[in-house]
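Colleague: Could you walk me through this one with a few questions and answers? I would like to start with a single side chain and work outwards.

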Amino acid sequence: VGERVPAPTTDMQVGQLTMSAKKLMALVPITNQLIRRASFGVDNLVRDDLLSSAAVKEDQQFLRGAVATGAPTGARYLAAAGNVLAMTADPDLLTVSSDLSRLILAVKNANLPMLSCGWVMSPTVKEFLANLRDGNGNIVYPSIEANNTLKGYHIGETTSVPDNLGVGGNESELYFGDWSQFLIGDTYQVALAASTEAAYDDNGTIRAAFSNDETVIRLIEEHDTQLRYDRAVSVLTGVTWKP
């Protein structure tokens with residue numbers, strides 16, 4: 001604007017994102033005989049394992065959960081269709097580098113804040129990139145071993161990105177995103193309960209903890225996921241990079 005000209009009203013656009021609580025449950029019965037006779041807290045051990053298992057399930061669902069009514073949709077299926085890219089066939093040093101840049105540009109070109117950017121990949125893909133060498137035998141991406149970054153962005157490594165996708169069962173996926181735009185809604189974090197009187201379903205058979213002399217430990221979490229901008233995540237599919 002010119003001198004002493006008032007600022008125009010900035011026309012910010014807003015929309016709506018719908019999130020609904022999806023329930024994650026886990027239940028483990030333990031014999032009270034084991035609890036009474038163990039030299040350590042078996043119930044605490046099971047509780048900790050339940051929490052770890054729930055975290056693994058969340059990791060899998062938040063990344064690759066397909067669209068469904070009873071579970072959160074993962075980033076893979078929340079991403080815009082134009083941000084889901086196919087690996088360049090017959091990968092070599094040039095095509096690998098190009099594919100990595102394509103993922104970054106898909107997010108950068110959306111004019112996002114780029115506040116918390118990073119990669120998510122399987123251990124197999126990470127090892128491939130960490131050991132990738134040029135024609136002179138030099139490591140192409142030494143930062144992977146040095147500080148766990150690739151092209152300046154942090155790497156998240158998880159087996160929740162599988163290596164057995166595709167018709168041949170030899171494909172994986174690679175994710176890049178501004179993860180500050182990935183929203184997780186929680187009704188509450190974790191609810192744990194234990195009972196010696198509860199009944200539970202054991203593959204179609206109802207069992208009573210009291211008559212079986214058992215303690216049943218139950219975990220409940222409720223949450224959902226959304227992307228604030230659907231172009232905040234890009235995905236490379238059909239990845240056959242292996243060391």
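Colleague: Is Leu192 buried, partly exposed or exposed?
Modeller: This is a predicted model, in which local features need pLDDT of at least 70 and side-chain atom pairs 80 or more, while totals for chains, interfaces and linings use all residues. Numbering runs from 1 along each chain as its sequence is written, and side-chain values use heavy atoms, without hydrogens or water. Leu192 sits in strand S7, residues 182-195 (strands, E, of at least two residues and helices, H or I, of at least four are DSSP runs numbered from the N terminus). Its relative accessible area is 38%, so with buried under 20% and exposed over 50% (1.4 Å probe, protein chains only), Leu192 is partly exposed.

Colleague: How many helices and strands does the chain have, then?
Modeller: Over its principal axes the C-alpha trace spans about 75 × 60 × 35 Å, and 37% of the 243 residues are buried. The secondary structure of this chain comes to six helices and eleven strands.

Colleague: Which aromatic residue does Tyr153 pair with?
Modeller: There are five aromatic pairs in the structure (Phe, Tyr or six-membered Trp ring centres within 6.5 Å; stacked under 30 degrees between planes, edge-to-face over 60, the rest tilted). This one is edge-to-face, with 5.0 Å from centre to centre and 75 degrees between the planes. Tyr153 belongs to strand S5 (residues 153-157) and its partner to strand S6 (residues 172-178), so the contact ties together parts 23 residues apart in sequence. The partner of Tyr153 is Phe176.

Colleague: What relative accessible area does Phe176 have?
Modeller: Tyr153, on the other side of the pair, counts as buried because its relative accessibility is 17%. Phe176 is buried too, and the value for Phe176 is 0%.

Colleague: Which residues form an aromatic cluster with Phe62?
Modeller: Besides Phe62, the cluster has two members. They are Trp179 and Phe182.

Colleague: On to charges: which residue meets Lys22 in a salt bridge?
Modeller: The structure holds eight salt bridges (a Lys or Arg side-chain nitrogen within 4 Å of an Asp or Glu carboxyl oxygen). The bridge of Lys22 has an N to O distance of 2.9 Å and links strand S1 (residues 22-31) with strand S10 (residues 214-227), the two residues being 202 apart. Both side chains belong to buried residues, and the partner of Lys22 is Asp224.

Colleague: How far apart in sequence are the parts that Glu157 and Lys126 tie together?
Modeller: Their closest N and O atoms are 3.3 Å apart. Glu157 is partly exposed at 41%, whereas Lys126 is buried at 13%. Because Glu157 lies in strand S5 and Lys126 in helix H5 (residues 123-130), the salt bridge ties together parts whose separation is 31 residues.

Colleague: And which residue does Arg47 bridge to?
Modeller: The closest N and O atoms of this salt bridge are 3.0 Å apart. Arg47 is partly exposed at 32%, and the partner, partly exposed at 37%, is Asp48.

Colleague: Which residue joins Arg64 and Arg76 in a network of salt bridges?
Modeller: The network links three residues. Beside the two arginines, the residue in it is Glu173.

Colleague: One last backbone check: where does Asn111 lie?
Modeller: Asn111 has a positive phi, near 55 degrees, and is a residue other than glycine. At 73% relative accessibility, Asn111 counts as exposed. Its place is in the loop between helix H4 (93-108) and strand S3 (117-121).
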